[in-house]
Amino acid sequence: MGEPSTSPADLVILGGGSGGYAAAFRAAELGMSVVLIEKDKVGGTCLHRGCIPTKALLHAAEIADNAREGEQFGVKTTLAGIDIAGVNSYKDGVVGRLYKGLQGLVKARKVTYVEGEGRLVSQTAVQVGEQTYEGRHVLLATGSYARSLPGLEIDGQRVITSDHALRLEHVPASVVILGGGVIGCEFASVWKSFGADVTIVEALPHLVPLEDESSSKLLERAFRKRKIGFELGTRFSGVTSTDDGVQVSLESGKTIEAELLLVAVGRGPVSDGLGYEENGVPMDRGFVVVDPLCQTSVPTISAVGDLIPTPQLAHVGFGEGILVAERLAGLSVVPIDYAGVPRITYSEPEVASVGLTEAQAAEKYGEIEALTYDLGGNGKSQILKTQGAVRLIRAKDGPVLGVHMVGSRVGELIAEAMLIYNWEALPDEVASLIHPHPTQSEALGEAHLALAGKPLHVHG
Ligand SMILES: Cc1cc2nc3c(=O)[nH]c(=O)nc-3n(C[C@H](O)[C@H](O)[C@H](O)COP(=O)(O)OP(=O)(O)OC[C@H]3O[C@@H](n4cnc5c(N)ncnc54)[C@H](O)[C@@H]3O)c2cc1C
């Protein structure tokens, strides 16, 4: 072990991503002394390689679509082209400003920030180089990395992950995307808007397979209309290099040629070689095992974020980080209801949901009711020329159990659905609240009116 730090901190945190820094800020607010150890940049995957840069690309993609489609609205626009250097500088500018702000917050909260690669060396200490940081508690928050498939080598040139995709300095002419989950669909959407030929390969029968099947089908219909190709229920079998790209083979016997292969098959925990197992931290396939309050079976060690097997979302990391800080400060805390955490795929169109899918609700509650409100009846959606739906699931004569939406901008509507689900609202209660006209939020109101038996703008 290296030199011990002078006195133990209340909390030593390994990893400064969404989970780690949220815990650091809340713990500091609650009067704890905090050491935050980060080997790269505070903000982690979300800020530097995830949520923020991808959403900046998606916004640029939306502007490209608007320019291309202006005539539909009687506005004479054409898309002259994508200046990828300009797109990247806009994206990097957003990330840079948020990064500066976050660094300022670290200072303002008086968190001791340590730059360097840490390793757990006891149940109360993390070592960075020659220095050892002792804590009354340790929080593991080392996050995740882009996984590949056995035998599929990422070369960073033709076979890439989202990390490389965010640093591309050109728009590829054609891409095969392995994986039709959130990340795969978001990149498919961006590249299609930028003019690439895109094919998604998904082993499961649907795109965004964790979503309600109705949402997957609506997204598939919209992607088909956008001429984004996809091969569903088909496994990847191999990739070979060609003169100007890759040839991807599928188990079905089909081959697809493209300039790039983006591997988006999920993210694995960063836990190898970090001393977790050696110090008694319970592990399962690389993930740290915790109880519902993010506590491991080692009393001094907690873990949060993508490192534990909960939904891999930045806001889940924030919530878990805050929960751990409050628990350690002696505040009363309750476990997170993960079904109540909103999920959004920010493609065009967007897919957003909270609560249970129809299949999960039927399994848990037996008798349920489901209702689909088509965005065709929603004025603002017509104005935007977006198609899609709001689908509600309720327990028979009971509260709303799930809200599933597809359409442009519906991600912004999911916050209301989050309150509806988490407050266990009855459809009648929501139906009695007046939504502003003409907004897309009205579609949520109208769906609840219909489910409460008093439909307004519903045909048939
Ligand atoms: C392309 C992409 C798009 C995404 N989009 C969204 C989105 O729109 N919305 C959303 O909610 N989520 C999104 N996510 C997921 C989100 O980024 C993660 O859920 C979130 O970043 C997890 O936070 P974390 O703190 O657990 O881990 P991370 O953010 O990965 O942070 C872990 C940190 O630990 C550091 N670290 C690791 N090992 C060590 C060590 N030994 N010593 C010191 N430091 C170490 C790393 O450098 C890193 O900064 C996206 C992810 C990707 C890849």
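The paragraphs below go through a predicted model, from its confidence values to its cores, some of its strands and two single residues.

The mean pLDDT of the protein is 97, and 98% of its residues reach 70 or more. Confidence is highest in strand β20, at 99, and lowest in strand β1, residues 3–4, at a mean of 56. Where pLDDT is low, the predicted coordinates should not be read in detail.

The interior comes next. The largest nonpolar core has 46 residues, and Ile37, Leu140 and Tyr276 are those with the most contacts inside it. Helices and strands both contribute to this core: α1 (18–29), α4 (84–108) and α8 (314–328) each supply at least two residues, as do β2 (9–14), β3 (34–38), β6 (125–128), β7 (131–140) and β20 (301–303). With 6 residues, α1 gives the most to this core. Another core lies apart from it and has 32 residues, including Leu57, Val175, Ala188 and Phe230.

Leu140 shows which parts of the chain meet in the largest core. Leaving out residues up to four places away in sequence, Leu140 touches Leu14, Leu120, Tyr276, Val281, Val288, Ile301, Ser302, Ala303, Val304 and Leu307. One residue in that list, Ser302, is worth following further.

Ser302 sits in strand β20. Is Ser302 buried or exposed? Its relative accessibility is 3%, and because buried means under 20%, Ser302 counts as buried. The side chain of Ser302 makes a polar contact of 2.9 Å with the side chain of Arg327. Arg327 is also among the contacts of Ser302 beyond four places in sequence, together with Val138, Leu139, Leu140, Cys294, Gln295, Thr296 and Val324.

Ala329 offers a second case, in the loop between α8 and β21. Its relative accessibility is 33%, so Ala329 counts as partly exposed. Not counting residues up to four places away in sequence, Ala329 touches Leu30 and Met32. The C-alpha atoms of Ala329 and Ser144 are separated by 27 Å, and these two residues are 185 residues apart along the chain.

The loop that holds Ala329 leads to β21. Strand β21, residues 343–345, pairs with β22 in the antiparallel sense over 3 bridges. The two strands form a hairpin with 4 residues between them. One bridge partnership there links Arg343 with Ser353 in β22. Strand β22, residues 350–355, also runs antiparallel to β25, residues 400–407, and 6 bridges join these two. Within this pairing, Gly355 stands opposite Gly402 in β25. How many of the residues of β22 are buried? The count is 6 of 6, and the strand is described as mostly covered.

A further group of strands is an open sheet of 3, in the order β13-β14-β15, with antiparallel pairing. Its edge strands are β13 (236–242) and β15 (255–258), each of which pairs on one side only. Neighbouring strands of this sheet are turned by 20 degrees against each other on average, direction ignored. Strand β14, residues 245–250, pairs with β15 over 4 bridges in the antiparallel sense, and Val248 stands opposite Ile256 in β15. Strands of a sheet pair through backbone hydrogen bonds, either parallel or antiparallel. In a regular strand the side chains alternate between the two faces of the sheet.

Notes:
Residues are numbered from 1 along each chain as its sequence is written. This is a predicted model: local features need pLDDT of at least 70, side-chain atom pairs count only at pLDDT 80 or more; totals for chains, interfaces and linings use all residues. Side-chain values use heavy atoms; hydrogens and water are left out. Two strands pair if DSSP finds at least two bridges between them. Axes are lines fitted to C-alpha atoms, for helices over the stretch in contact, and angles run from 0 to 180 degrees between N-to-C directions. A nonpolar core is a set of buried Ala, Val, Leu, Ile, Met, Phe, Trp, Tyr and Cys residues joined through side-chain atoms within 4.5 Å. Buried means under 20% relative accessible area, exposed over 50%, partly exposed in between (1.4 Å probe, protein chains only). Contact means heavy atoms within 4.5 Å. pLDDT is the predictor's confidence in each residue, from 0 to 100. A polar contact is a pair of N or O atoms within 3.5 Å; within protein, one must be able to donate a hydrogen and the other to accept it, and residues adjacent in sequence count only if both atoms are side-chain atoms.
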